[in-house]
Amino acid sequence: MFPHFSLLSRRSMQLVDFGHPICMRMLMRIRTCFQGVAVLVALSLASFHAHAGDVLTFEQALRLSQARSQQLVAQNHATAAARDMAVSAAQQPDPVLKLGINNLPISGPDRFSVTRDFMTMRSVGLMQELTREDNRLARSMRLEREAQASEASRAQALAQLQRDTAIAWLDLYYQERMLALVKAQRDEIRLQVEATEVAYRGGRGSQTDVLAARAALAQVDDRIDQATREVSTAQTALRRWTGRAADTPLGDAPDTSHVPLHLSDLESTLTSHPDITFMVRQEEMAQADADLARANKQADWGVELMLSQRGPGYSKMASVNVSVPLQWDQKSRQDRDLAARLATVEQMRAQREEATREHLAQVTVMLQTWQSSRDRLRRYDSALIPLAAERTQAALTAYRGGSGTLASVLEARRMALDTQMDRLRLDMDTARIWAQLNYLIPVEHDAAIPVLDH
């Protein structure tokens, strides 16, 4: 993808007397340097093949972040709690046992006696509230809707988790590519500096070339420091989701050339968007509240049976009581409550429709930006990077022929590096948009699959 530019100035080498001892030592150093690089590359390749399995792939990062997420665990418990409450709400209330002593004398000769006064009664009773079935079902349905809302909230959390993890992985991947690119340029410019210094000491070069090469090296060193900091920041972001596995070398980048969305059917696809689904569940919860308020317009009755025992010379007694709430002002209470619940339903529906339009516009813009960025990447590969390479080659040719300056060569190389870095940044931004589009709707991963977390 990125052409390799040799930064060793041939003109400087031509200006040097290769028979001079200093030049011979310089050539030996350069050859030794290349031999050392070759050995390091060989060792690195051997180490890579020996530890090819010790990498954090893109899919592994997604699985690991899902397995480590406590937000998903919390949502699972919230769903289970709401479903248990739904089952409980569908049952009749527990009966109430009543025990009491009525009309106990507290003065006179019969004080505190439970048997001598004919009015004193020892009572045992059982009271049961008779909740109507439609009222119980309305309460149960309200809690079931709450459980479904918790599931939708979990899908929201999962989608955000996958997007954040994917973006963090991709950021680290591309930041490492940028650092490697700048380091490669630094090695070549260092050789350029050494060559110009040898030429200058041998009287075959100018001090201007030496200073220009040193300035170029200092600029690249500064860019290396900046790129190293960006890598460290990206690694910290990924560690938030994957733990210490973020310190493991990354695998290959995913294919970002396709997204599971099309402008033609985008509106229907967004009905499955977690944010929209959650708002639908909220609307259903509001409707369940309205149904419960409507059911409450018919009051629940209560019945009570009581057995009372007096002294041995007196008869036993039984009592039956029925309680009925008197909804004497439904217009100001129950009807108002129902109207408020219905207004909340309409509020939720309007908010959902507005959110759907907003998401449609946002996703459309992201799709258009992603497609435009891919077109720009193709332009970089077909025109901008090859042109930068040709300009560098032309500057080198002019410098070797004596009609160009080293400053022109260094400037051409700097611009070529900038072009390559711009291409990487654009690729990273495109990959970030791809992650947002690809995980707009969450994808469940098998969290039981072993992943790196050591």
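Here's a quick tour of the cores, the sheet, one helix and one buried methionine in this structure. Keep in mind that this is a predicted model. The largest nonpolar core takes in 62 residues, and a second, separate core has 6. There's also an open sheet of 4 strands with antiparallel pairing.

**The largest nonpolar core**

- Seven of the 62 residues in this core touch the most other members: Phe-58, Trp-169, Leu-170, Leu-238, Val-363, Trp-434 and Leu-437.
- The elements giving two or more residues to this core are α3 (58-68), α5 (133-201), α6 (207-242), α9 (334-400) and α10 (406-438).
- Helix α5 supplies the largest share, with 17 residues.
- As general background, nonpolar side chains tend to be buried together in soluble globular proteins.
- If you'd like one residue to click on, try Val-363: leaving out residues up to four places away in sequence, Val-363 touches Leu-261, Leu-266, Leu-270, Leu-437 and Leu-440.

**The second core**

- Besides the largest core, there's a separate one of 6 residues, and its members include Ala-286, Ala-290, Leu-338 and Val-345.

**The sheet**

- The strands run in the order β1-β2-β3-β4, and the sheet is open.
- At the edges you'll find β1 (96-102) and β4 (317-323); each has a single partner strand, so one side of each lacks a neighbour in the sheet.
- From one strand to the next, the twist averages 20 degrees.
- Strand β3 (residues 301-309) pairs with β4 in the antiparallel sense, over 7 bridges.
- To look at a bridge up close, go to Ser-308, whose partner in β4 is Met-317.

**Helix α6 and what comes just after**

- Helix α6 has 36 residues, and from its first C-alpha to its last it reaches 52 Å.
- That span is close to the 52 Å expected at 1.5 Å a residue.
- Just after α6 comes Gly-243, which takes a positive phi of about 70 degrees.

**Met-279**

- Met-279 sits in helix α8 (residues 274-295).
- Its relative accessible area is 16%, so Met-279 counts as buried, the cut-off being under 20%.
- Apart from neighbours within four places in sequence, Met-279 is in contact with Gln-351, Arg-352 and Ala-355.
- Met-279 and Gln-351 are 72 residues apart along the chain, yet 8.0 Å separates their C-alpha atoms.

Notes. Residues are numbered from 1 along each chain as its sequence is written. This is a predicted model: local features need pLDDT of at least 70, side-chain atom pairs count only at pLDDT 80 or more; totals for chains, interfaces and linings use all residues. Side-chain values use heavy atoms; hydrogens and water are left out. Buried means under 20% relative accessible area, exposed over 50%, partly exposed in between (1.4 Å probe, protein chains only). Contact means heavy atoms within 4.5 Å. A nonpolar core is a set of buried Ala, Val, Leu, Ile, Met, Phe, Trp, Tyr and Cys residues joined through side-chain atoms within 4.5 Å. Two strands pair if DSSP finds at least two bridges between them. Axes are lines fitted to C-alpha atoms, for helices over the stretch in contact, and angles run from 0 to 180 degrees between N-to-C directions. The expected span of a helix is 1.5 Å times one less than its number of residues.
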